[in-house]
Amino acid sequence: MSVTPWHVTGRVDYAKIVEQFGCKSIDTVLIDRIERLTGQTAHHLLRRGIFFAHRDLNELLDAHERGEPWYLYTGRGPSSEALHVGHLIPFMFARWLQQAFQVHIVIQLTDDEKFLWKDLTVEESQRLARENCKDIIACGFDAQKTFIFTDFGYMGHMYPNVVRIQRCVPMNQVRGIFGLSGEDSIGKIAFPAVQAAPALSTTFPHLFGDRKDVRCLVPCAIDQDPYFRMARDCAPRLGHPKPALIESTFLSGLRGLDGKMSASDPSNVVFLSDTPEQIRAKVNRHAFTGGGATLEEHRKHGARLEVDVPWQWLNVFMEDSKRLEHIGNEYGSGRMLTGEVKVELANVLIQVVERHKAARAAVTDEVVDAFMLDVRT
Ligand code: TRP
């Protein structure tokens, strides 16, 4: 198993990651606390352990209880136009946090990162950032409390904090935590400071003035943890609180639970642009299941839910917890068949994708500008 911000290989052992990275598991006490503070049932991604780890979340909630301001920060590297359903997870969850706590969110589109790591021109990365921005807006963020920016566009405003962070971090530390070598471009060594800077409130004077004490909570997939370990190291030295984190597992590909879903094999992923027919065909043909090899065996032993992709995906995308539990019981005991579970999954995915398409179609250029060009220059 290996998890870095750029590659996830092998079956990921999340308990081991918590130990290796030094973050904390999210337990029911913490989830109960969030429910108490928001007066809402926790989002299913939290209740079902898909957001499973954190750093300093209790400290952030303490500050919240004291009435202190804080904000959310998440982001996306715009490497492709074709977003897949896995890309929605952090944004669905961030949007829930925003409405539950009524806080600002800043969303970084790292067009510079993708230029440095992928075979893309600057212009193409910028175009993809704007396209991806529409998908993000379609997740339902509150226009009054959301600021979306690209690194190319906002760099002049961020740059003071970027260089403050760069001065804090020795080259060896970046090489170590990000696994870079002497052959990598100098852009890659410099970039982590760019992803760390938005975790400091003074990067957004138009939102927080010159206040250094506004805390930040970053919802992200666990592979982004190294960036924020670095940010947490620097923040106190720059007079800021350490950013808190709430971290998720990865959605596996359809073909099996190893590694994270990657868009390079279209039969392994469900795109947000797929038609209902394509979704049904992909789920039917490619989803790896833990069902019994024969009908008799399946009836006798039930499905092995721990390796079953439809079951894992239903946990992420099926909001109805009663129905999910029913499926788990029936399928796990062999009364429900693999084919039936695939139908359930396809229906849920079709609903998610069709809802997304409709919401995205309503995002005009004017709407994008309203979320992005909010900066007072
Ligand atoms: N590096 C992330 C990616 O490749 C994008 C990103 C930037 C991000 N800032 C973030 C992700 C903050 C989570 C939180 O997708």
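## A tour of the ligand shell and a helix pair

By class, the shell around the ligand holds four nonpolar, seven polar and three charged residues. Keep in mind as you look around that this is a predicted model.

**Stop one: the ligand and its neighbours.** Select the ligand and show the residues around it. There are 14 of them, and Y73, Q108, E113, Q195 and Q224 come nearest.

**Stop two: polar atoms.** Show the side chain of Q195: one of its N or O atoms is 2.8 Å from a nitrogen atom of the ligand. Next, pick Q224, where a side-chain N or O atom lies 3.0 Å from a ligand nitrogen. Then turn on the backbone of G77, which places an N or O atom 3.1 Å from an oxygen atom of the ligand. Now switch to a surface view: taken alone, the ligand exposes 370 Å², and the protein buries 90% of that.

**Stop three: the elements of the shell.** Colour β5 (70-76), α6 (111-117) and β8 (215-221), the elements that give two or more residues to the shell. Which of them gives the most? That is β5, with four residues.

**Stop four: a pair of helices.** Select residues 309-317 for α15 and 338-361 for α17; these helices pack at an angle of about 35°, with their axes 10 Å apart. The crossing of α15 past α17 is left-handed. To see the contact, show P310, W313, L314 and F317 on α15, then V341, K342, E344, L345, V348, L349 and V352 on α17. Colour these residues by class, and you will find nine nonpolar, two charged and no polar ones.

Conventions: Residues are numbered from 1 along each chain as its sequence is written. This is a predicted model: local features need pLDDT of at least 70, side-chain atom pairs count only at pLDDT 80 or more; totals for chains, interfaces and linings use all residues. Side-chain values use heavy atoms; hydrogens and water are left out. Axes are lines fitted to C-alpha atoms, for helices over the stretch in contact, and angles run from 0 to 180 degrees between N-to-C directions. A crossing is left-handed if the near helix is turned anticlockwise from the far one by less than a right angle, and right-handed if clockwise. Contact means heavy atoms within 4.5 Å. Ala, Val, Leu, Ile, Met, Phe, Trp, Tyr, Cys and Pro count as nonpolar, Asp, Glu, Lys and Arg as charged, and the others, Gly among them, as polar. A residue is near a molecule or strand if one of its heavy atoms lies within 4 Å of it. A polar contact is a pair of N or O atoms within 3.5 Å; within protein, one must be able to donate a hydrogen and the other to accept it, and residues adjacent in sequence count only if both atoms are side-chain atoms. Accessible areas come from the Shrake-Rupley method with a 1.4 Å probe; for residues, only the protein chains shown count as cover.
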